[in-house]
Amino acid sequence: MLNLNDQVGIITGSSRGIGRAIALALAGQGCRIVLNHTRDGKDITETCAQLDALGNQYLVYRGSVAAAAFVDDMVKSVLDQWGRIDILVNNAGINKDKPAMLLSEQDWDEVVDTNLKGAFLCSKAVIKPMVKQRSGRIINISSQTAVAGREGQSNYGAAKAGLIGMTKSMARELGPYNILVNALIVGFIDTLMTKRLPREIHTDMKRLIPLGRIGEPREVANCCLFLASGLSSYITGSTINCSGGGYM
Ligand SMILES: NC(=O)c1ccc[n+]([C@@H]2O[C@H](COP(=O)([O-])OP(=O)(O)OC[C@H]3O[C@@H](n4cnc5c(N)ncnc54)[C@H](OP(=O)(O)O)[C@@H]3O)[C@@H](O)[C@H]2O)c1
C-alpha cells in the first residue's frame, strides 16, 4: 500500500529540510521525484546526491513557486517528460518574523506569496492533469502557527491558516475526481528555518512539547508518505497534526 512505483511527485522547496526529507521518503517507495528550489548551492547538490544514491529518476527546477509563469513551465515540462503527475507536496515556505506593528507590506507579501499563493499556483497547475488521470494527491504543509498563533508570525500564520482553508475547499471540489487534498499541521522541526531562531526559543519550545524534543524532518516526511500512499485512500480535506503534541 505504500508503494509509489512509477508515480510522479512534485515537492516544492525540496533542496533541504522537510522538503528534502519528503523527496527522499517518496523516492524510497519508488516515486519519480521533481525537486524545486530557488537558490543554487550545496543544499540542492546534496539532495541530488542522496537521490542519486537511491537510484531514482528525478528532475530539478529552479524558480519561485510564487511566479505563475515558472510554475506553469515546470508542470508542462514534467508532463512533457513523464506524462503524469500523481503527487504534489506544497512545501516551499519562508518566514519573516516581526511583531505586527513592525511588519512591512513587503514582509507580508513575500511570506503570503511564497507560502499561500505559491501553493495555489502549483495546485492549479496540476489539477487538470490529475482530473484527466482521475487520481491525485495534494498535500499542503501548514503549521501549528496557523491554528495556535505565535507572536511575531501574523504574516506566516495568516498564510498557513489560508492553506488549511484552501485544502478543505479544494478537497470538496476535487473529491469527485479522486483527487485527495490534505494538510499537515507541523510543529517545531529541526531545520534551517528553526536553527536561525534564538536558543531560548528552542528551550521554551521543548518545554511545551509533551514528547520533550524537537521533531525531525523525516517524521514529517513519514506523515506525508502516508498521505501520498494507498494507506490514506479515504482521507481528504483533513489536517494531520505532526507536532509531538505541541499543538492539541
Ligand atoms: N521547521 C519547522 O519547524 C516548520 C514548522 C511548521 C511548518 N514548516 C513548514 O515546512 C516547510 C519547509 O520548511 P523547512 O523548515 O524545511 O524550511 P527550510 O529548511 O528553510 O527549507 C525551505 C525550502 O523551501 C525553498 N524555498 C523557499 N522559498 C521558495 C520559493 N519561493 N520557491 C520555491 N522554493 C522555495 C528553499 O529553497 P531555496 O532556499 O533554494 O529557495 C528550501 O528548499 C515550510 O512550508 C515551512 O513553513 C516548518
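Visitor: By class, how many residues of the shell around the ligand are nonpolar, polar and charged?
Guide: The model is a predicted one, and in it 31 residues surround the ligand, of which Gly-13, Gly-17, Thr-38, Gly-93 and Thr-191 come nearest. Glycine is counted among the polar residues here. Sorted by class, the shell has 11 nonpolar, 18 polar and two charged residues.

Visitor: Which helix gives the most residues to the largest nonpolar core?
Guide: The largest nonpolar core has 65 residues, and those with the most contacts inside it include Ile-22, Leu-184 and Val-220. Leaving aside neighbours within four places in sequence, Leu-184 is in contact with Val-220, Cys-224 and Ile-240, among others. With nine residues, the helix that gives the most to this core is H4 (residues 105-133).

Visitor: Why do the buried residues of H2 line one face of the helix?
Guide: Helix H2 runs over residues 42-54, and Ile-44, Thr-47 and Leu-51 are its buried residues. An α-helix has 3.6 residues a turn, so residues three or four places apart point the same way. Seen down the axis of H2, the buried residues line one face because they fall within an arc of 60 degrees.

Visitor: Which helix and strands do the buried residues of H2 pack against?
Guide: On the other side of H2, Lys-42, Thr-45, Ala-49, Asp-52 and Ala-53 are exposed, whereas Ile-44, Thr-47 and Leu-51 are buried. The partners that these buried residues pack against are helix H1 (17-27), strand S2 (32-37) and strand S3 (58-62).

How values were computed. Residues are numbered from 1 along each chain as its sequence is written. This is a predicted model: local features need pLDDT of at least 70, side-chain atom pairs count only at pLDDT 80 or more; totals for chains, interfaces and linings use all residues. Helices (H or I, at least four residues) and strands (E, at least two) are DSSP runs, numbered from the N terminus. The expected span of a helix is 1.5 Å times one less than its number of residues. A residue is buried if 20 or more other C-beta atoms lie within 10 Å of its own, exposed if 12 or fewer, and partly exposed in between; C-beta atoms are placed from the backbone. The arc is that of the directions from the helix axis to the C-beta atoms. Two residues are in contact if their C-beta atoms, placed from the backbone, lie within 7 Å. A nonpolar core is a set of buried Ala, Val, Leu, Ile, Met, Phe, Trp, Tyr and Cys residues joined through C-beta atoms within 7 Å. A residue is near a molecule or strand if its C-beta atom, placed from the backbone, lies within 6 Å of it.
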